[in-house]
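Colleague: I am new to this structure and would like a close look at a single part of it. Could you take me through the charged side chains and the metal site with some care?

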Amino acid sequence: MNWKPIIGITVAHYTEELRTFPREYYVEMIRKAGGIPFLIPIVHTLEEASEVLQHIDGFLLTGGGDISPLYLGEHPLYGIGDCFPERDQSEILLTRSAILQGIPLLGICRGIQVLAVAAGGKIYQDISRQYPGALQHAQTAPRNHVWHEIRIMDSKLADILGEQRILVNSLHHQAVSEIPEGFSKSAMAPDGIIEGIEKSGAKFCLGLQWHPEAMPNDRHSMDIFNAFIKACQGESS
Ligand code: MN
């Protein structure tokens with residue numbers, strides 16, 4: 001199929017300076033996989049989210065800062081990083097709307113956490129303080145290098161990758177702690193930290209804790225984006 005699906009990409013947002021951008025990796029990876037990147041501004045209501053999503057074929061939740069404890073229903077703990085509540089609210093609204101509309105969704109790093117929270121799950125505010133014995137998930141190598149192994153469960157992700165174990169990069173200090181109802185775990189790090197979730201029965205609704213977009217020369221990373229774009233074209237992977 002030749003037509004290029006339009007992929008809505010969420011962005012970092014700084015209200016005072018009005019700087020709105022995603023890392024270039026996401027945009028380039030969507031292009032490389034055959035999609036048209038389309039940056040989504042902050043939305044404020046479910047209605048605005050629904051209107052925006054009517055114009056796109058797929059939805060990509062990008063990495064970024066921490067989700068405000070406000071949206072976790074928790075008090076802030078030591079170890080929480082920079083929060084941008086407008087972005088949190090916007091991405092939660094867009095995610096809920098995308099799930100309702102059945103729009104293919106890929107959530108990366110912060111994106112898996114937004115997906116989990118929007119669907120009713122929970123996250124650790126800081127792995128090192130809330131999960132004793134965790135690996136160092138904030139890698140000290142450049143982001144295009146792999147850092148730790150993950151084990152892949154029976155899942156759509158396993159179907160896409162055709163592997164039970166792969167090496168991934170790791171640039172996070174938060175992680176999913178409770179998987180939302182209707183979702184299942186698709187990947188796990190050696191310390192038990194969740195590295196992948198997906199919505200059961202959905203056409204394509206995947207959250208990944210690592211950054212495949214930053215490794216365009218890695219076969220597995222490309223397989224994930226190619227499968228996402230295919231799903232956005234209405235094909236099954
Ligand atoms: Mn990790």
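Modeller: What follows goes from the salt bridges to the metal site. Please keep in mind throughout that this is a predicted model, in which the structure holds 7 salt bridges.

A good place to begin is the pair formed by R110 and D88, whose closest N and O atoms are 2.8 Å apart. R110 belongs to helix α5, which covers residues 110-118, while D88 belongs to helix α4, covering residues 85-101, so this salt bridge ties together parts that are 22 residues apart in sequence. Both partners are hidden from the surface by the accessibility values: R110 counts as buried at 2% relative accessibility, and D88 is buried as well, with a relative accessible area of 1%. The pair also belongs to a wider arrangement, since R87, D88, E91 and R110 are linked in a network of salt bridges.

Two further salt bridges can be set beside that one. In the first of these, R165 and E149 come together with their closest N and O atoms 3.3 Å apart. R165 lies in strand β9 (residues 165-168) and E149 in strand β8 (residues 148-152), so here the contact joins parts that are 16 residues apart in sequence. R165 is partly exposed, with a relative accessible area of 48%, and E149 likewise counts as partly exposed, at 33% relative accessibility. In the other, the side chains of R129 and D126 meet at 3.7 Å, N to O; R129 counts as exposed at 56% relative accessibility, whereas D126 is buried, with a relative accessible area of 7%.

The metal site is built around a manganese ion, and its protein donors are H137 through ND1, H148 through NE2, S170 through OG, H172 through NE2 and E195 through OE, lying 2.2 to 2.3 Å from the ion. If you wish to find these donors along the chain, they follow the spacing H-x10-H-x21-S-x1-H-x22-E. Within that set, H172 and E195 link distant parts of the chain, for H172 sits in the loop between β9 and β10 (175-178) and E195 in strand β12 (residues 194-199), 23 residues apart. H172 is buried, with a relative accessible area of 4%, and E195 counts as buried too, at 0% relative accessibility.

Definitions and conventions. Residues are numbered from 1 along each chain as its sequence is written. This is a predicted model: local features need pLDDT of at least 70, side-chain atom pairs count only at pLDDT 80 or more; totals for chains, interfaces and linings use all residues. Side-chain values use heavy atoms; hydrogens and water are left out. A salt bridge is a side-chain nitrogen of Lys or Arg within 4 Å of a carboxyl oxygen of Asp or Glu. Helices (H or I, at least four residues) and strands (E, at least two) are DSSP runs, numbered from the N terminus. Buried means under 20% relative accessible area, exposed over 50%, partly exposed in between (1.4 Å probe, protein chains only). Donors are N, O and S atoms within 2.8 Å of the metal (3.2 Å for Na, K and Ca); water is not among the atoms, so sites may look incomplete.
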